Amino acid sequence: QTPRIETRSTQEWQAADARHFLHPFTDHKALAAKGARIIERADNIYLWDSNGQKILDAMSGLWCVNVGYGQRALIEAATRQMSELPFYNAFFQTATVPAIELAEALAAIAPPGFERVFYTCSGSEANDTIVRMVRRFWDIEGRPQRKKIIGRVNGYHGSTMAGASLGGMSAMHAQGGLPIPDIHHIQQPHWFELGRHVSREDFGLLAAGWLEARILELGPENVAAFIGEPVQGAGGVIVPPASYWPEIERICRRYDILLVSDEVICGFGRSGQWFGCETLGFTPDLIAFAKGVSSGYIPLGGVLVGERVARALVDEGGEFEHGFTYSGHPTACAVALANLRLLRQLNLPRQVGHETGPYLAEQFAALAAEHALVGEAQSCGLMGALQLVRDKATLAPFAAARAVGMLCRGHCFGNGLIMRAVGDRMIVAPPLVITRAQIDEMMALIRRCLDLTL
Ligand code: PLP
């Protein structure tokens with residue numbers, strides 16, 4: 001290992017952090033009072049902090065380290081590519097080999113009909129690109145009035161102006177004049193919160209019906225696209241009923257509205273197949289991706305473009321006035337290529353779909369059956385949520401969801417586990433390399449943290 005140039009104590013790092021580093025989504029006064037936890041190294045599914053504590057990372061960083069930490073193939077791919085050609089752009093009729101190879105590899109694993117890729121550096125940029133792309137598509141089609149895009153309450157599509165607008169996070173909308181014009185939202189398919197008076201499957205159809213109602217209200221001739229995550233991730237791992245997505249697809253087709261699947265979390269094996277839309281049973285027109293494409297080792301995102309939109313853009317659209325300096329960054333693409341090879345070599349999408357995903361579901365169900373704090377458990381592949389309740393018999397929600405979330409999170413950190421609190425749901429999304437034995441270890445930690453919260 002290359003020694004760190006400078007070694008300081010945890011307190012010194014925390015002081016420097018508090019003085020200079022503005023963190024994303026952070027209350028800095030609250031952070032300065034505690035001091036940031038300094039994460040120093042990682043291997044497989046574990047992290048070590050600057051005090052030497054070992055932590056099981058049940059969130060894969062931020063839902064992204066799909067192949068786990070310390071994978072030599074990715075590290076070597078970066079080193080090799082950086083030595084050979086660290087950067088060149090894809091503007092002005094040039095391309096690099098890794099960008100071409102990765103595009104080909106993505107087309108090979110994508111659902112049928114997705115042959116083209118547009119690269120970005122992040123999921124937010126991928127969704128910004130989608131806003132521009134769908135509007136450009138309808139311009140080319142001669143229907144420029146189709147500008148409105150419908151997303152969902154509690155959806156998350158990133159933090160740029162367009163990404164945060166497509167998303168339905170009220171706290172984000174409360175700052176900075178969001179959403180931007182022509183973005184609308186419908187309620188999320190959250191059975192536990194909104195649908196317990198009917199069966200899950202009936203609720204799925206009901207929730208999809210909210211899309212049709214909004215389309216009719218806005219006028220179908222004005223609506224460009226609907227965007228959703230197959231399973232809402234940052235909103236709390238809301239797994240929709242099986243009836244939901246096929247009905248959403250039927251509605252989009254009926255009114256000729258483009259269907260966008262935001263696969264930034266669900267993609268690259270997390271749902272138990274390569275893409276979440278395959279697991280949830282629908283075929284979109286556009287797919288946003290990021291995170292798992294490079295397992296977070298290096299920033300990369302993009303848009304997989306389906307046949308219909310690709311044909312219009314490529315054959316009829318002329319120049320699409322859009323792109324980033326780092327669209328198709330060769331080092332990022334080389335790392336992603338090594339990542340996809342490893343995901344395939346380790347057969348991770350299948351392992352998640354047939355072994356570790358079902359095992360997690362079993363363990364979650366057992367916990368929900370017996371633990372006083374857990375009202376229900378939901379999972380899809382290797383993402384799962386525990387719905388905390390105040391009263392198991394009536395399923396009354398926690399009165400002070402946020403406080404409990406914070407308390408529970410405090411216990412998790414203290415006990416060597418990173419999972420996340422979203423309102424009154426505790427969520428996990430561990431690296432896809434997690435084994436059954438490690439799931440047992442994670443479950444034991446979760447139980448301990450819940451017991452401490454009782
Ligand atoms: N879309 C989804 C579904 C996400 O979960 C995220 C990030 O968590 C994004 C988009 C934004 O991606 P990024 O943070 O890379 O901009």
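**Helix packing, a sheet and a ligand shell**

The crossing of helices α4 and α14 is right-handed, in a model that is predicted. Helix α4 spans residues 72–84 and helix α14 spans residues 330–345, and the two pack with their axes 8 Å apart at an angle of about 150°. That angle makes α4 roughly antiparallel to α14, because angles over 145 degrees are counted in that class. On the α4 side, the residues that meet α14 are Ala 73, Leu 74, Ala 77, Ala 78, Gln 81 and Met 82. Facing them, α14 contributes Pro 330, Thr 331, Ala 334, Val 335, Leu 337, Ala 338, Asn 339 and Leu 342. By residue class, the contact of α4 with α14 consists of 11 nonpolar and three polar residues, with no charged residue.

A second pair of helices can be read in the same terms, since two packed helices are described by the angle between their axes and the distance between the axes. Helix α10, residues 200–218, packs against helix α11, residues 244–254, at an angle of about 25°, and their axes lie 8 Å apart. The pair is therefore roughly parallel, as angles under 35 degrees are classed in that way. The crossing of α10 and α11 is right-handed. In this contact, α10 supplies Gly 204, Leu 205, Ala 207, Ala 208, Leu 211 and Glu 212, while α11 supplies Tyr 244, Glu 247, Ile 248 and Ile 251. The residues of the contact between α10 and α11 divide into seven nonpolar, one polar and two charged.

Turning from helices to strands, the reader finds an open sheet of four strands, in the order β1-β2-β3-β14, with mixed pairing. Its edges are β1, residues 39–43, and β14, residues 417–418, each of which pairs on one side only. Within the sheet, β2 (residues 46–49) and β3 (residues 54–57) run antiparallel and are joined by three bridges. Leu 47 has Ile 55 in β3 as its bridge partner.

The last region to consider is the surroundings of the ligand. Around the ligand there are 16 residues, of which Ser 122, Gly 123, Ser 124, Gly 158 and Val 264 come nearest. Helix α6, which covers residues 123–140, gives the most to this shell, with three residues. In its make-up, the shell around the ligand comprises eight polar residues, six nonpolar residues and two charged residues.

Terms used. Residues numbered from 1 in each chain as written. Predicted model: local features only at pLDDT ≥ 70, side-chain atom pairs only at ≥ 80, totals over all residues. Pairing = 2+ DSSP bridges. Near = placed C-beta within 6 Å. Nonpolar A, V, L, I, M, F, W, Y, C, P; charged D, E, K, R; others polar. Axes fitted to C-alpha atoms, helices over the stretch in contact; angles between N-to-C directions. Parallel < 35°, antiparallel > 145°, perpendicular 65-115°, else oblique. Left-handed = near helix turned anticlockwise from the far one by under 90°. Contact = placed C-beta atoms within 7 Å.
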